[in-house]
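Got the viewer open and the selection box ready? Here's a walk through the model, one stop at a time.

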Amino acid sequence: MRKILGGTLCSAAALAALGSAALAQSPATGDAAGGEKLYQTKCGGCHSLDMNRVGPAHRGVVGRKAGSAPNYAYSPALKAADIAWDEKTLDLWLQNPMAMVKGTRMGFRLSDAQQRAEIIAYLTAMSAKAAGGS
Amino acid sequence: MTFHQSPADRALSRRKALAAGGVLSVAGISVLAGSASAGLFGGKNKKTKGDPEADAALINTAISLEHEGIAAYQIAAESGLLEPAVLEVGVLFQSHHKAHRDELARIVTTLGGTPVEADSQAAYAEQIEAGNLKNQADILQLAIRLELGAANAYLGVLPGLMDPDYHHLFARLAADEAMHWAALKGAVGEALPQNALSFG
């Protein structure tokens with residue numbers, strides 16, 4: 001069992017500030033096909049679609065509440081975070097997860113907006129499949 | 001099989017060529033791997049800077065990554081699918097990951113945290129879907145994916161570390177993982193990236 005270092009929730013103000021900054025920028029458009037390879041190379045060290053590894057399984061993540069993947073031992077901070085994963089929240093998360101949820105154990109940042117968009121497009125496509133969509 | 005207890009120094013002295021692809025020599029790897037030897041990561045009794053709790057949490061996540069890497073090489077070694085020369089390189093790379101784990105654990109302890117423990121070997125086998133590994137080529141491709149992912153993970157986490165000394169450490173860890181990845185790519189005869197700045 002993983003031992004968890006304590007953490008605290010981010011403030012609503014911090015989250016709002018992040019959101020405001022992101023809304024001021026034009027969102028990048030992602031391509032799911034390109035996103036698959038990026039997902040493997042950027043996220044694959046810790047994550048898989050269907051297995052909880054260093055990080056939780058990602059199939060179905062879009063539309064899911066943060067900290068709710070089955071059988072994964074989240075940090076208390078992420079488990080308590082009131083966040084639903086969608087394109088916007090995932091984009092904020094991948095920019096700087098620690099700024100979004102203080103106390104998370106994920107520190108990986110992806111600064112390239114196009115790469116984030118492609119990975120999110122891929123996760124969205126995989127989540128739609130998980131939900132029985134096309 | 002005595003995979004678990006191979007000291008880095010002994011592994012570094014080996015001189016057999018890697019059979020697969022004939023591109024990589026263990027001697028060459030040994031030179032590159034010198035930076036991973038224990039004791040070269042930094043001094044002891046370091047005063048903490050920034051946010052020790054946040055840094056310890058990120059470093060603990062890195063330990064989880066190293067645990068998985070160590071287990072993956074162990075599963076590969078025990079599979080019976082590897083040629084002796086490939087196994088020898090796997091032993092070397094696993095020793096690097098053990099050195100990474102030990103140094104990261106030392107830092108977490110210094111910061112007042114508790115280093116995360118490894119899961120069972122069976123749990124790791126499930127996580128990496130070891131049941132799909134049918135031959136040496138499958139294992140090498142898995143190792144390539146994990147090493148690339150690890151290099152990118154270290155580079156992606158580096159900016160979030162509060163103490164700049166850990167930036168240096170994470171860059172060195174990423175360099176080790178990138179070295180493993182490049183060696184494995186050469187061993188299977190795959191081309192290296194055409195563009196610069198492919199990591200991170």
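Start by selecting B:D163, and keep in mind throughout that this is a predicted model. B:D163 caps the N-terminal end of α7(B), with a side-chain oxygen 2.9 Å from the backbone nitrogen of B:D165.

**Stop one: along α7 of chain B**

From that cap, extend your selection over residues 164–187 of chain B, which make up helix α7. It has 24 residues, and from first C-alpha to last it reaches 35 Å, close to the 34 Å expected at 1.5 Å a residue. Step just past the helix to B:G189 and check its backbone: phi is positive there, at about 80°.

Now go back into the helix and pick B:D176, which is found in α7 of chain B. What is the nearest side chain of opposite charge to B:D176? That would be B:R172, but it is 7.4 Å away, and B:D176 has no salt bridge even though it is buried. A salt bridge here needs a side-chain nitrogen of Lys or Arg within 4 Å of a carboxyl oxygen, so a gap of 7.4 Å rules that pair out. Show the side chain of B:H100 as well: the side chain of B:D176 makes a polar contact with it at 2.7 Å.

Next, pick B:H180, also in helix α7 of chain B. Is B:H180 buried or exposed? Its relative accessibility is 0%, so B:H180 counts as buried. To see what surrounds it, select B:F93, B:H96, B:H97 and B:E147: these are the residues in contact with B:H180 once its neighbours within four places in sequence are left aside. With B:E147 the link is side chain to side chain, a polar contact of 3.1 Å.

**Stop two: chain A by itself**

Hide chain B for a moment and colour chain A by secondary structure. You'll see six helices and zero strands, so to speak an α-α-α-α-α-α run from the N terminus on. Of the 134 residues in chain A, 48% are buried. If you draw a contact map and keep separations of 6 or more, 52% of the contacts in chain A come from residues 24 or more positions apart.

For a close-up, select A:D91 and A:R116. They form a salt bridge, with the closest N and O atoms 2.6 Å apart. A:D91 sits in helix α4 (residues 87–95) and A:R116 in helix α6 (residues 113–130) of chain A, so the pair ties together parts that are 25 residues apart in sequence. A:R116 has 4% relative accessibility, so it counts as buried.

**Stop three: where the chains meet**

Bring chain B back and select the residues of each chain that touch the other. You should get 33 residues from chain B and 24 residues from chain A. The area buried between the two chains is about 2,400 Å², and carbon and sulfur atoms give 57% of that. Six residue pairs are in polar contact between chain B and chain A, counting pairs with both residues at pLDDT 80 or more. On the chain B side, the elements that give two or more residues are α3 (52–78), α5 (121–127) and α6 (136–157). Which of them gives the most? It's α3(B), with ten residues.

How many salt bridges are there between chain B and chain A? Two, while the structure holds seven over all chains.

Select A:R53 and B:E68 for one of these cross-chain pairs. Their closest N and O atoms are 2.6 Å apart. A:R53 is in the loop between α2 (32–43) and α3 (76–80) of chain A, whereas B:E68 is in helix α3 of chain B. Both residues are buried.

Finish on A:K102 and B:D51, whose side chains meet in a salt bridge at 3.4 Å, N to O. This pair also crosses between chains: A:K102 is in the loop between α5 (97–100) and α6 of chain A, and B:D51 is in the loop between α2 (26–33) and α3 of chain B. A:K102 has 42% relative accessibility, so it counts as partly exposed. B:D51, at 22%, counts as partly exposed too.

Definitions and conventions. Residues numbered from 1 in each chain as written. Chains lettered and ligands numbered in written order. Predicted model: local features only at pLDDT ≥ 70, side-chain atom pairs only at ≥ 80, totals over all residues. Heavy atoms only, no water. Helix = DSSP H or I, 4+ residues; strand = E, 2+ residues; numbered from the N terminus. Expected span 1.5 Å × (residues − 1). Polar contact = N/O pair within 3.5 Å; in protein donor to acceptor, adjacent residues only side chain to side chain. Buried < 20%, exposed > 50% of the residue type's maximum accessible area, 1.4 Å probe, protein only. Lys, Arg positive; Asp, Glu negative; His and termini not counted. Contact = heavy atoms within 4.5 Å. Buried area = accessible area lost by both parts, 1.4 Å probe.
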